[in-house]
Amino acid sequence: MQGLVWRLKALDPQASESLKVITYFDALVNSRANAEMLIGGAAVLCDCSVGFAMDGRSMCVDASGQRVPEQQGEWPSKAFGADGRAWIERASPGFVNDELILERLAIALGIFWDRTSPVAATRRAIETIISSESSMERRMEAAALLHLERSGSYRVHAVPAVMPMPGSSAVVHTEFGSIRAFIRPSMATALQDTRAGIGLAAVPQELDRSWQTALLALRITSPHHPIHNADDLGSLIVLAERASEATHEPADVTALKRLITEQPKAWRILEAIAETGSLRAVAGQLNLHHSSVQNRASEFTSALGFDIRTQPGRVRLTLALTLFLLSTNRFD
């Protein structure tokens, strides 16, 4: 490595310094340096004060390694861990390697946070207990760390990761976007003012099934129905689980997508028709004139190719709406 550094220095001094920065932080990480040592090393490299904040605490040191108060300012910063942030107290654009130092510092602090933080340990335990790939032994170890009773009844709640939630959680990256999972007693109600899917109740060793059903429930939420409990979905759970295996899109879903694209406001009327027993009830629910709803129902019937005003048609509409949500809902 030293030979490589000297050869690079002869060709490109800036590249040489960059490699030294990377090597320096790799050495600190490998020696299991703590957070103060990491920001102290960064401060020496920058020759200015460097700080970090995570898990509700913060620290700042100057180039001599002494702790100093954080100075207020719009400093360059990088995020790490769940809610951590590292910064260099030098205004942009700064020196040549400031950005690289900050980037490697954030990576190193993220590794330190993952090794030592109770929050990180809890996150890993949640990830383990909801994963179908975890062994039973590992799930029970995770249950003990999370203080779950062996025979207790719990549910996994799934919400979009962009929504901050109180309490311990884990962000799971799925093909539908980043989803935040947290575990609550089975009788606990869903947190309001968010979109959420609530999984089936289960004992700790079966919370992977609760997670799967929570994710399905979240995927069929809509603006007017932002919370779904898997208990209320019945056979729709089976339908949702099998939907991804289909090789062709059902004609009803294709027609529905075309209708929603042409008339975005049609969704709320269709949703109400699927839920209620009469068009008069739909009119009352949406505060529309009965004749207006009749005209729209006739128009939608023609567009979809089946009569949504009949009981069989409403069942068919319900299935089409569910499949539409499953295929279009994303939480990025």
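Q: Before we get to A196, what counts as a helix or a strand here?
A: Helices (H or I, at least four residues) and strands (E, at least two) are DSSP runs, numbered from the N terminus. This is a predicted model, where local features need pLDDT of at least 70 and side-chain atom pairs count only at pLDDT 80 or more, while totals for chains, interfaces and linings use all residues. Residues are numbered from 1 along each chain as its sequence is written, and side-chain values use heavy atoms, with hydrogens and water left out.

Q: Thanks! Where does A196 lie?
A: A196 lies in strand 8, residues 196–198.

Q: Is A196 buried or exposed?
A: Buried, because its relative accessibility is 2% (buried means under 20% relative accessible area, exposed over 50%, partly exposed in between, with a 1.4 Å probe and protein chains only).

Q: And which residues does A196 touch?
A: Leaving out residues up to four places away in sequence, A196 touches A158, V159, L218, T221, P226, I227 and H228; contact means heavy atoms within 4.5 Å.

Q: Switching topic: how do the axes of helix 7 and helix 8 cross?
A: At roughly 85°, coming within 10 Å, with helix 7 spanning residues 207–219 and helix 8 residues 236–243. Axes are lines fitted to C-alpha atoms, for helices over the stretch in contact, and angles run from 0 to 180 degrees between N-to-C directions.

Q: Which residues make that contact?
A: R209, T213 and L216 from helix 7, with I237, A240 and E241 from helix 8.

Q: Last one: where does pLDDT stay under 50?
A: Over residues 1–9; pLDDT is the predictor's confidence in each residue, from 0 to 100.
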